[in-house]
Amino acid sequence: MRYSRITATGSYLPERVMTNAELEVLVDTSDEWIQARTGIRERHIVRDDESTCDMCEQAALRALEAADIDANTIELIVLATSTPDLIYPSTACLLQHRLGIDNNCAAFDVQAACSGFIYAFSIADKFIASGAVKRALVLGADSNSRILDWSDRGTCVLFGDGAGAMLLEAATEPGIYVTRLHANGAYSSLLQVPSGVSKPTGDPFIRMRGNEVFKFAVNAMGSIVNETLEECGLEKNDIDWLIPHQANQRIIKATAKKLDMTMEKVILTVAEHGNTSGGSIPLALDTGIRDGRIKRGDNLFFEAIGSGFTWGSVVAKY
Ligand code: COA
């Protein structure tokens, strides 16, 4: 039996920070409302000339530096994004070239909105567990500010931009205990960017029925806790850290409660990052590793929900 394990991480946030006070000028909102309903204080926004691939490059370079390995030893790139630089080629292909990788390794994007990193993580784990590759670069990144309607207070206060990268490598001991992926397209209208390539509608911005998304998210994140722990045979108190998708502090609190965890055991970045979609989990993971909270041997519970709806979880030993 082959296993995969997390060997290194890296992340990147654009330099420009946008506070809630700045949003008060754009729409009818308040810092107090945003913080009370979401936990968000500020978010990072890409420069006009900065792209998802640019952010991924920085995050990947930091992960490669942490692992102290040559980029050309990477055998697979899986990149989760809903805001690619181009329609094609994939951002993963652009990134492969940027990193100077010329070994013809497979590289592709995964689109599962805010659950994208969980999907990418799961796919890379299966490639390694099957013996197909030994070292994978897994990324999640989004430039949400490009698809925000800055006059819609129901969405523009929630999102931010950022990228995270993780190296996943073959191991002899279990590193990833379980991955669970779900989708239900019946809910597609509750959270979507309505204008697509084959069906242009003229509305290229995030549209959301926030309250209905909130209710589904709390239920889905609650039920995935039991389902995931049951499958990997761990108890709630075996989990050291919850590393959730960072959409809303209230959804995260409800999930932590399901795990009987105090908020001290949750890696929380939503206040400073907002919802960075695909970027949020690898950004939170890298934050917890670099500030020393997450240690080798800790059991990590990752979970996310996003447009689709898509949702999923991963339990891993770091
Ligand atoms: N500032 C001030 N008021 C706002 C506002 C804002 N930015 N956005 C909405 N409101 C208003 C609404 O218009 C509504 O006013 P009304 O009562 O006069 O009609 C009121 O606040 C309550 O709106 P509601 O949508 O019921 O609030 P809520 O408590 O559900 O909070 C969200 C709104 C968006 C914060 C919350 O629903 C949420 O987080 N949903 C999940 C979103 C999410 O996580 N999406 C990504 C998933 S990956």
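Let's start with the aromatic cluster. Tyr187, Phe216, Phe309 and Trp311 form it together. Please keep in mind that this is a predicted model. Searching the whole structure gives seven aromatic pairs.

Stay with Phe309 for a moment. The peptide bond leading into Phe309 from Gly308 is cis. Omega there is near -5°. And where does Phe309 sit? In the loop between β12, residues 299-306, and β13, residues 310-317. So much for the cluster.

Aromatic rings also come up with charges. There are two cases to show. First, Arg296 and Tyr318. The charged end of Arg296 sits over the Tyr318 ring, 3.7 Å from the ring centre. Second, Lys265 and Trp241. Here the charged end of Lys265 is over the ring of Trp241, and the distance to the centre is 4.8 Å.

Now the ligand. Where does it lie with respect to the domains? Domain 1 runs 3-171 and domain 2 runs 176-317; both contribute residues to the shell, so the ligand lies between them.

Who is in that shell? There are 23 residues around the ligand. Thr29, Arg37, Arg153, Asn211 and Asn248 come nearest. By class, eleven are nonpolar, eight are polar and four are charged.

Which helices supply at least two residues each? Four helices do: α2 (31-38), α6 (153-156), α7 (210-232) and α8 (249-258). The largest share comes from α7, with four residues.

Next, the polar side chains at the ligand. Take Arg37. An N or O atom of the Arg37 side chain is 2.7 Å from a ligand oxygen. Then Arg250. Its side chain has an N or O atom 3.4 Å from an oxygen of the ligand. Then Trp33. A polar atom in the Trp33 side chain lies 3.4 Å from a ligand nitrogen.

How much of the ligand's accessible area does the protein cover? On its own, the ligand has 960 Å². The protein covers 72% of that.

Last topic: backbone geometry. You have already seen the cis bond from Gly308 to Phe309. Here is another cis bond, from Tyr88 to Pro89. Omega is near 5°. Pro89 is placed in the loop between β4, residues 76-80, and α4, residues 91-98.

One more backbone point, at Asp68. Phi is positive, about 55°, although Asp68 is not a glycine. Which loop holds Asp68? The one between α3, residues 52-67, and β4.

To recap. The ligand lies between domain 1 and domain 2. Helix α7 gives the largest share of the shell. Phe309 belongs to the aromatic cluster, and the bond into Phe309 from Gly308 is cis. Thank you.

Technical notes
Residues numbered from 1 in each chain as written. Predicted model: local features only at pLDDT ≥ 70, side-chain atom pairs only at ≥ 80, totals over all residues. Heavy atoms only, no water. Near = heavy atom within 4 Å. Polar contact = N/O pair within 3.5 Å; in protein donor to acceptor, adjacent residues only side chain to side chain. Areas by Shrake-Rupley, 256 points an atom, 1.4 Å probe, with all protein chains shown as cover. Nonpolar A, V, L, I, M, F, W, Y, C, P; charged D, E, K, R; others polar. Domains from an automatic or database assignment. Phe/Tyr/Trp six-rings, centres within 6.5 Å; stacked < 30°, edge-to-face > 60°. Lys NZ or Arg CZ within 6 Å of the ring centre and 35° of its normal.
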